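Q: I have a protein chain on the screen and would like to learn how to read it. Can we go through it feature by feature?

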Amino acid sequence: MKFEHLFKKLGNMELTLDEALYYCSKENIGFVEFCNDVMVATATQYYEKKIDYPFADAVANNVYGFMLSDHYLGLTGNSLSEPAYSVYLAFDSGEYFHQNDDRSIDPELKYTRPEIERILREISNA
């Protein structure tokens with residue numbers, strides 16, 4: 001993973017927007033591409049059980065914060081890029097009980113894991 005040294009900071013919600021932009025500038029990578037790459041790598045690491053749900057969810061939340069920045073939205077014409085946004089939504093759906101779910105349901109297993117699998121399958125088929 002080309003940004004492995006940033007991954008821990010992302011998972012600990014410690015990577016700032018300025019640090020992410022500096023990394024992109026230094027590595028000559030577009031910011032939107034960076035966000036998409038981080039989210040796909042997070043989904044892959046989670047799916048392969050190399051990182052746990054809380055860590056993956058924190059990375060997704062950190063990157064989503066970047067995606068709501070004026071800088072990002074200026075680059076995307078006020079839209080959220082794919083697959084980054086879908087990955088964020090998949091992790092977000094595991095954070096809470098959904099309407100009509102029994103409290104014995106694990107939202108991560110019912111919603112996040114199958115959605116991450118679907119997203120990664122879609123990416124590999126593209």
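Q: Let me begin with a single residue: does E82 count as buried, partly exposed or exposed?

A: This is a predicted model, so each value is computed from predicted coordinates. Burial is read from relative accessible area: under 20% is buried, over 50% is exposed, and partly exposed is in between. E82 has 46% relative accessibility, so it counts as partly exposed.

Q: Where is the place of E82 in the chain?

A: E82 is in the loop between α5 and α6. The place of P83 is in that loop as well. The peptide bond from E82 to P83 is cis, with omega near 10°.

Q: How many residues along the chain separate E82 and N36, and what separates their C-alpha atoms in space?

A: Two distances have to be kept apart here, one along the chain and one through space. E82 and N36 are 46 residues apart along the chain, while 6.9 Å separates their C-alpha atoms. For T16 and G65 the sequence separation is 49 residues, and the C-alpha atoms are 9.5 Å apart. I51 and R103 are 52 residues apart in sequence, but 25 Å apart in space, C-alpha to C-alpha.

Q: What share of the contacts in the chain join residues at least 24 apart?

A: A contact means heavy atoms within 4.5 Å. Among contacts between residues at least 6 apart in sequence, 64% join residues at least 24 apart.

Q: How many helices and how many strands does the chain have?

A: Count the elements, then read their order. There are 7 helices and 0 strands. Along the sequence the pattern reads α-α-α-α-α-α-α. The radius of gyration of the chain is 15 Å, close to the 14 Å that the globule rule gives for 126 residues, so the chain is as compact as a globular protein of that length. Along the principal axes, the C-alpha trace spans about 45 × 30 × 30 Å.

Q: What percentage of the 126 residues count as buried, and what area does the chain expose?

A: Of the 126 residues, 46% count as buried. The exposed area of the chain is about 7000 Å², and carbon and sulfur atoms supply 49% of it.

Q: How do I check the length of a helix such as α4, and what should its 15 residues span?

A: Compare an expected span with the distance between the ends. At 1.5 Å a residue, the 15 residues of α4 (residues 53-67) should span 21 Å; the end C-alpha atoms are 20 Å apart, which agrees.

Q: How many residues of α4 are buried, and what covers them?

A: Count the buried residues, then see which elements touch them. In α4, 11 of the 15 residues are buried, so the helix is largely enclosed by the rest of the structure. Among them are Y53, Y64, F66 and M67, as well as D57 and N62. Their cover includes α1 (4-11), α2 (17-27), α3 (31-47), α5 (70-76), α6 (84-92) and α7 (107-125).

Q: How many of the residues of α6 are buried, and which helices do they pack against?

A: α6 is mostly covered, with 7 of its 9 residues buried. These are A84, S86, V87, Y88, A90, F91 and D92. The buried residues of α6 pack against α3, α4 and α7.

Q: Turning to the loops, is I51 buried or exposed, and what is it in contact with?

A: Loop residues are judged by their own accessible area. I51 lies in the loop between α3 and α4, and its relative accessible area of 13% makes it buried. Leaving aside neighbours within four places in sequence, I51 is in contact with F7, T42, Q45, Y46 and A56. T16, in the loop between α1 and α2, is partly exposed, with a relative accessible area of 38%.

Q: What is the phi of M13, and what is that of N100?

A: Phi is a backbone angle, and its sign is the thing to look at. M13 has a positive phi of about 55° although it is not a glycine. M13 is found in the loop between α1 and α2 and, at 45% relative accessibility, counts as partly exposed. N100, also a residue other than glycine, has a positive phi near 70°. N100 sits in the loop between α6 and α7 and counts as exposed at 77% relative accessibility.

Q: How many positive and negative side chains are there?

A: Count each set, then compare where their centres lie. The chain has 11 positive and 21 negative side chains, and the centres of the two sets are 5 Å apart.

Technical notes:
Residues are numbered from 1 along each chain as its sequence is written. This is a predicted model: local features need pLDDT of at least 70, side-chain atom pairs count only at pLDDT 80 or more; totals for chains, interfaces and linings use all residues. Side-chain values use heavy atoms; hydrogens and water are left out. Helices (H or I, at least four residues) and strands (E, at least two) are DSSP runs, numbered from the N terminus. The radius of gyration is taken over C-alpha atoms; the globule rule is 2.2 Å times the number of residues to the power 0.38. Buried means under 20% relative accessible area, exposed over 50%, partly exposed in between (1.4 Å probe, protein chains only). Accessible areas come from the Shrake-Rupley method with a 1.4 Å probe; for residues, only the protein chains shown count as cover. Lys and Arg count as positive and Asp and Glu as negative; His and the chain ends are not counted. The place of a charge is taken as NZ of Lys, CZ of Arg, CG of Asp or CD of Glu. The expected span of a helix is 1.5 Å times one less than its number of residues.
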